Amino acid sequence: MGSAEAFRTALAIDDDALRATDKVADDLMAQGSGGSLGFVYVTDRLKSDLASVVDKLRAKTGVEHWVGTVGFGVIAGRSATYNEPAVAAMISTWPETAYQLYSGVPSKPFAEDVFGMATAIVHVDPRNRQFDELLKSLGSASQAYLLGGLTASRTKLYDQVADQITTGGISGLLLSPAIPVSIGISQGCSAIGPIRTITETYEGLVATIDGEPALQALLNDLSAAQDADLRVLLQALHVGLPVPQSDTGDYVVRNIAGIDTERGYVAVADNVEVGQKLFFCRRNRDAATKDLTAMVQKLHARTSTPRGALYVSCCARGPNMFESAAEEVELVQSILGDIPMIGFYANGEIAGDRIYGYTGVLALF
């Protein structure tokens, strides 16, 4: 499709980061030579930094430009691994005039030369409390559609790469209109009740829904859910916030941060306001499988001969929702037809100007 040619991918699992990188580089070179841009994702289980991985990839492949970050799991081709030390990479041969690498922190605003790009692949350091503002700044400066995810790490390894190693802000890749991209979002939850309206809030908490205490509304929906195992249902319980003016029924999922049983208030892990719509929902494997299948089929049908793909999935998916990370990726690839694909398991997914949770975001090039 468009300018994308000769994508190739590789993944290696190894306790030693440089040994894993050697395997990945050798595999990439065995598939072909050349390339202008590389994607690289590593897991937080590696006992090394991303800089040493990128240096070795540059030296062995001859590809100068790299973009990527850290996740709980990584994806390459039809392979995926979660919670293991691993390196995944993909090389493309897009013309250098068709893309631009960038990074941004609060003290360094985005330059005007990002304007006119069509798509922005975004990696976000979740430790930066201003990342919402940085995303809006990038979107405003570039007018590009944003997609990507939040770096996911249980260690001190929060590295990102956009030619240079960076932390603390956002970074990634801007693609010009010369590289067409089709993007789809797959949800991982199913509703357990109707869409309701917040009628009162108190200090950021949901006080009443449809005129009754928020907790009572939740209990009413739970009692009607007809789930045999209430304990399992409660463990998978979340809140869905419909996206205003969406014609596709889009919504973002947020955690229930707490419940005040005395006053009947419910705390939602997001800003809420009177008049806002919400519904209670739960993580559900069957619903996630059905939605992912439908999304990939629809995206593939409207994309003429995709040459490569990027898939960013939530860290609560993979083996936490399916049998394994491999099962999720194989589901995607069974529809796409084993095209070169790269990706990682993120701490939050980005599509447009919103940060999602429990979703999978797929981009076809």
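Which residue of β5 does Ala 76 stand opposite? This is the opening task of a set of exercises on a predicted model, in which local features need pLDDT of at least 70, side-chain atom pairs count only at pLDDT 80 or more, and totals for chains, interfaces and linings use all residues. Residues are numbered from 1 along each chain as its sequence is written, and side-chain values use heavy atoms, with hydrogens and water left out.

**Exercise 1. Find the residue opposite Ala 76, then describe the sheet around this pair.**

Step 1. Strands (E, at least two residues) and helices (H or I, at least four residues) are DSSP runs, numbered from the N terminus. Two strands pair if DSSP finds at least two bridges between them.

Step 2. Strand β4 (residues 73–76) and β5 run antiparallel and are joined by 4 bridges. Opposite Ala 76 stands Ser 79 in β5.

Step 3. The order β5-β4-β23-β22-β26-β13 describes an open sheet of 6 strands with mixed pairing. At its edges stand β5 (79–82) and β13; each has a single partner strand, so one side of each is left without a neighbour in the sheet. On average, neighbouring strands of this sheet are turned by 10° against each other, direction ignored.

Step 4. For the helices, contact means heavy atoms within 4.5 Å. Axes are lines fitted to C-alpha atoms, for helices over the stretch in contact, and angles run from 0 to 180 degrees between N-to-C directions. Helix α6 (residues 285–301) packs on the sheet and touches β13, β22 and β26, its direction making about 170° with that of β13. Helix α7 (residues 325–336) also packs on the sheet. It touches β4, β5, β22, β23 and β26, and its direction makes about 145° with that of β23.

**Exercise 2. Determine how many residues of strand β22 are buried.**

Step 1. Buried means under 20% relative accessible area, exposed over 50%, and partly exposed in between (1.4 Å probe, protein chains only).

Step 2. In strand β22 (residues 309–314), 6 of the 6 residues are buried, so the strand is largely enclosed by the rest of the structure.

Step 3. Both faces of the strand are covered: one side carries Ala 309, Tyr 311 and Ser 313, the other Leu 310, Val 312 and Cys 314, all of them buried.

Step 4. Strand β22 pairs with β23 (residues 341–346) in the parallel sense over 6 bridges. There, Cys 314 has Ala 346 of β23 as its bridge partner.

Step 5. Strand β13 (residues 182–186) is mostly covered, with 4 of its 5 residues buried. Its antiparallel pairing with β26 (residues 360–364) extends over 5 bridges, and Ser 182 has Leu 364 of β26 as its bridge partner.

**Exercise 3. Describe the surroundings of Ser 153 and state whether this residue is buried or exposed.**

Step 1. Ser 153 is found in the loop between β9 (145–150) and β10 (160–162).

Step 2. The relative accessible area of Ser 153 is 9%, and therefore the residue is buried.

Step 3. Polar atoms of its side chain lie 3.1 Å from the backbone nitrogen of Thr 155 and 3.0 Å from the backbone oxygen of Leu 157.

Step 4. When neighbours within four places in sequence are left aside, Ser 153 is in contact with Asp 44, Val 70, Phe 72 and Tyr 158.

**Exercise 4. Carry out the analysis for Arg 263, beginning with its place in the chain.**

Step 1. Arg 263 belongs to the loop between β19 and β20 (265–268).

Step 2. With a relative accessible area of 42%, Arg 263 is partly exposed.

Step 3. A polar contact (a pair of N or O atoms within 3.5 Å; within protein, one must be able to donate a hydrogen and the other to accept it, and residues adjacent in sequence count only if both atoms are side-chain atoms) is the next item. The side chains of Arg 263 and Asp 260 are joined by such a contact of 2.8 Å.

Step 4. Not counting residues up to four places away in sequence, Arg 263 touches Tyr 202 and Leu 205.

Step 5. Arg 263 and Tyr 145 are 118 residues apart along the chain, and their C-alpha atoms are separated by 42 Å.
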